[in-house]
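Colleague: I am new to this one. Could you walk me through it and tell me how each description is justified?

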Amino acid sequence: MTARVTTRSARGGTLVLGGGFAGSYVARLLGSAGATIVSHENFMLYTPLLPEAASGTLEPRHVVVPLRVMCPHAELLLGRATALDESTRCVRVVTEHTQVDVAYQQLVVALGAVSRSLPIQGLAEHALGFKTLADAIHLRNHVLRRLEAAAADPQRALPHLTFVFVGAGYAGVEALAELSDLVHDALRYYRELKGVPQRWVLVDAASTILPEIPRRLGEYAARQLAARGVDILVSTTLASVDADAATLSDGTHIETRTLVWTAGVTAHPLLADLGLPLDERGRVVVRPTLQVEGRDDVWALGDCARVPNEATPGHPDPPTCQHALRQARRLAKNLRGEPRPYRYRMLGQVATLGRHKGIADVLGIRLRGFPGWFATRTYHLFQLPLVSRKLRVVTDWTVALFFRRDIAELSMLGHPESLERR
Ligand SMILES: Cc1cc2nc3c(=O)[nH]c(=O)nc-3n(C[C@H](O)[C@H](O)[C@H](O)COP(=O)(O)OP(=O)(O)OC[C@H]3O[C@@H](n4cnc5c(N)ncnc54)[C@H](O)[C@@H]3O)c2cc1C
């Protein structure tokens, strides 16, 4: 049966596709002018804190911000945008129960990117992703289950205690560092695993880890990880993976039950169907005002767009939160008044390496170790929207300083047994 199609108009005439970093900020900054946001979830995920949600340092709910609270003047339409008709200025949205054609006067495309997958044998079936809150919670539960499996058979524990991360950008490095902290702390409660070795492996096709940060800080990060026993295999790729092992391009065979795929992002597949101009990487091409090439009423920003930056001629913005946020500020102003070009000079970069260590390059000042970790946390606290969210995060961090980590494995959450089976 075909779902009924209803029609409606976007609040204030502005329709925002995607409630991620970029889209949510545009809607928030439009204030009482209002907007309609189309999003799969009713929250915005603050991705830089995702590794800490995976390790249990932060409560998962505290790394997301409810869109209805963050954007009180916006209307939220929970669903998936599936098609654009520019001739009628309408976007088709599929919701849980119906299909809606939403009419707009101004359209903002902020669909983000999707995890980059490659045709590697076994990747789709056996690798774990790390992009969404569900990925982070699943990974935490998976790791804790590996510890239980190892404890059940300590003689054959190593494959369960071997964790392979493919992709040594921010997401991979921070996730590995946080999860190795989780395992380190949790093992105190597993007496049967005392003295049993564990193995952490970080694989990347590039010749260095964290290529996006200054070399000296990247080298410091590599030394820190190596000092805590992480095998860093650069200029290496994943050849295949199955339920029991990963094989690398140099022939190395690693017995493991955990392969985490953090090898970057690629263009959102829906962009190819919208009929908007795309660059060679599948991103929407926008002018310096953030208006889509050849259009005055369609705008794009964030990871889904190729955004020229007047402060860095010839170098479009990289896919980061801080750029998405600055683009959102410009775009919201342009929607309200005379469009002006976007211009933003990056203030710095920060990353945590677990165990109270981090790296930060802020306004040319390079910090590492504890000062780097402190600067990273301060920066995120500053960036996180809503005072209530900041307070919850500070509370979690404070509790983590005084109490040991929670190691409850909660994969049954959201999957209650049916009444008949109880
Ligand atoms: C694990 C991880 C860690 C990161 N760490 C950092 C960091 O430390 N610092 C940093 O600067 N950047 C970091 N990033 C990058 C940062 O998250 C992105 O650059 C930023 O989120 C881009 O914002 P966006 O709005 O373009 O995309 P997103 O935030 O991804 O938002 C896109 C939104 O569109 C929604 N959507 C997708 N398809 C549809 C559809 N068909 N219909 C409706 N809605 C749809 C998605 O559900 C999502 O909510 C990290 C990314 C990841 C994955």
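Colleague: Which of the 33 residues around the ligand come nearest?

Modeller: Keep in mind that this is a predicted model. Gly-18, Gly-20, Gly-112, Gly-302 and Thr-320 come nearest to the ligand. Helix 1 (21–30), strand 3 (36–39), strand 7 (80–85), helix 6 (170–186) and helix 8 (321–336) each give two or more residues to the shell.

Colleague: What makes you say that the ligand lies between domain 1 and domain 2?

Modeller: Domain 1 (5–115 + 266–336) and domain 2 (123–263 + 349–402) both give residues to the shell, so the ligand lies between them. By kind, the shell residues are 17 nonpolar, twelve polar and four charged.

Colleague: How do you know which residues bring the two domains into contact?

Modeller: Residues are in contact if their C-beta atoms, placed from the backbone, lie within 7 Å. The contact takes 22 residues from domain 1 and 25 from domain 2. On the domain 1 side, helix 2 (50–55) gives the most, with six residues. That side divides into 15 nonpolar, five polar and two charged residues. As for the domains overall, their C-alpha centres lie 29 Å apart.

Colleague: Why are strand 6 and strand 22 said to stand at the edges of the sheet?

Modeller: The open sheet has five strands in the order 6-3-2-10-22, with parallel pairing. Strand 6 (75–78) and strand 22 (298–300) each have a single partner strand, so one side of each is left without a neighbour in the sheet. From one strand to the next, the twist averages 20°.

Colleague: What makes strand 2 and strand 3 a pair?

Modeller: Two strands pair if at least two bridges are found between them. Strand 2 (residues 14–17) and strand 3 have three bridges, in the parallel sense, so they pair by that rule. Leu-17 stands opposite Val-38 in strand 3. Helix 1 lies across strand 2, strand 3 and strand 10 (106–109), at about 155° to strand 2.

Colleague: How do you describe the way helix 5 and helix 6 cross?

Modeller: Two packed helices are described by the angle and the distance between their axes. For helix 5 (residues 133–152) and helix 6, the axes come within 11 Å and cross at roughly 35°. The crossing is right-handed.

Colleague: And what residues of helix 5 and helix 6 meet there?

Modeller: Val-143, Leu-144 and Leu-147 in helix 5 meet Leu-179, Leu-182, Val-183 and Ala-186 in helix 6. The contact has seven nonpolar residues, no polar and no charged.

Terms used
Residues are numbered from 1 along each chain as its sequence is written. This is a predicted model: local features need pLDDT of at least 70, side-chain atom pairs count only at pLDDT 80 or more; totals for chains, interfaces and linings use all residues. A residue is near a molecule or strand if its C-beta atom, placed from the backbone, lies within 6 Å of it. Helices (H or I, at least four residues) and strands (E, at least two) are DSSP runs, numbered from the N terminus. Ala, Val, Leu, Ile, Met, Phe, Trp, Tyr, Cys and Pro count as nonpolar, Asp, Glu, Lys and Arg as charged, and the others, Gly among them, as polar. Domain bounds come from an automatic or database domain assignment. Axes are lines fitted to C-alpha atoms, for helices over the stretch in contact, and angles run from 0 to 180 degrees between N-to-C directions. A crossing is left-handed if the near helix is turned anticlockwise from the far one by less than a right angle, and right-handed if clockwise.
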